[in-house]
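Welcome to a short set of exercises on charges, folds and contacts. Try each task with the structure open, then follow the worked solution.

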Amino acid sequence: MLQECFRPVGPAELELVRQSGYRRWPPRLLGQPFFYPVTNEEYAREITIKWNVPADRVGYVTRFWVNSVFMHRYPVQTVGAERHSEWWIPAEDLEELNQNLSGLIEVIAEFKAE
């Protein structure tokens, strides 16, 4: 089985995903100990609009599918309202996450500053 995941991204991260052929997430930067996919599109859109667009003038919502057995290793964390749920995947496990991706990372929404 597969787990549907979402991730808000800015243009720099999206460019690295594009360079991989939409098949891999790039390594975390120094000071980024976790990779945070979120559990629902609504929350991903909210983060994109509140954080990525003000920071970069544009933001994107991505969707991707991961082997459920891999994802079940990480409990879902709720960080506010019930819809604010995400996984905290340690940066050192990101390569293994990439190996458990199924299909391509898709851009499903784009938001621009007015």
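## Exercise 1: A charged network

E42, E46, K50 and R83 are linked in a network of salt bridges, where a salt bridge is a side-chain nitrogen of Lys or Arg within 4 Å of a carboxyl oxygen of Asp or Glu. Before we go on, please note that this is a predicted model, in which local features need pLDDT of at least 70 and side-chain atom pairs count only at pLDDT 80 or more, while totals for chains, interfaces and linings use all residues. Residues are numbered from 1 along each chain as its sequence is written, and side-chain values use heavy atoms, with hydrogens and water left out.

**Task.** Find where E46 and R83 sit, and say which parts of the chain their salt bridge ties together.

**Solution.**

- Step 1. Start with the distance: the side chains of E46 and R83 form a salt bridge at 3.1 Å, N to O.
- Step 2. Place the partners. E46 lies in helix α2 (residues 41-56) and R83 in the loop between β4 (76-78) and β5 (85-87), so their pairing ties together parts 37 residues apart in sequence. Helices (H or I, at least four residues) and strands (E, at least two) are DSSP runs, numbered from the N terminus.
- Step 3. Check the exposure. Buried means under 20% relative accessible area, exposed over 50%, and partly exposed in between (1.4 Å probe, protein chains only). E46 is buried at 17%, whereas R83 is partly exposed at 33%.
- Step 4. List the contacts, meaning heavy atoms within 4.5 Å. Leaving aside neighbours within four places in sequence, E46 is in contact with R83 and H84.

## Exercise 2: Two more salt bridges

**Task.** A search of the whole structure finds 13 salt bridges. Describe the one between R63 and E4, then the one between E95 and R24.

**Solution.**

- Step 1. The side chains of R63 and E4 meet at 3.8 Å, N to O. R63 belongs to strand β3 (residues 58-67) and E4 to strand β1 (residues 2-9), so this pair ties together parts 59 residues apart in sequence.
- Step 2. R63 is partly exposed, with a relative accessible area of 23%, and E4 is partly exposed too, with 27%.
- Step 3. For E95 and R24, the N to O distance is 2.3 Å. This pair links distant parts of the chain: E95 is in helix α4 (residues 94-99) and R24 in the loop between α1 (11-19) and β2 (34-35), 71 residues apart.
- Step 4. E95 is partly exposed at 40%, and R24 is partly exposed at 31%.

## Exercise 3: The overall fold

**Task.** What pattern does the protein follow along the sequence, and how many residues does it have?

**Solution.**

- Step 1. The protein has four helices and seven strands, and their order is β-α-β-α-β-α-β-β-β-α-β.
- Step 2. Take the radius of gyration over C-alpha atoms; the globule rule is 2.2 Å times the number of residues to the power 0.38. With 114 residues, a compact globule would come out near 13 Å, and the protein has 13 Å, which agrees.
- Step 3. Add the box: the C-alpha atoms fill roughly 40 × 35 × 30 Å, taken along the principal axes.
- Step 4. Of the 114 residues, 42% count as buried.
- Step 5. Among contacts with a separation of 6 or more, 76% come from residues 24 or more positions apart.

## Exercise 4: Backbone and a helix residue

**Task.** Where do Y22 and R57 lie, and what does D56 touch?

**Solution.**

- Step 1. Y22 is in the loop between α1 and β2. Phi of Y22 is near 60 degrees, a positive value in a residue other than glycine. At 28% relative accessibility, Y22 is partly exposed.
- Step 2. R57 is in the loop between α2 and β3. Phi of R57 is near 70 degrees, again positive in a residue other than glycine. R57 is exposed, with a relative accessible area of 54%.
- Step 3. D56 is found in helix α2 and is partly exposed at 38%. Not counting residues up to four places away in sequence, D56 touches G10 and P11.
- Step 4. Finish with a distance: the C-alpha atoms of D56 and E110, 54 residues apart along the chain, are separated by 12 Å.
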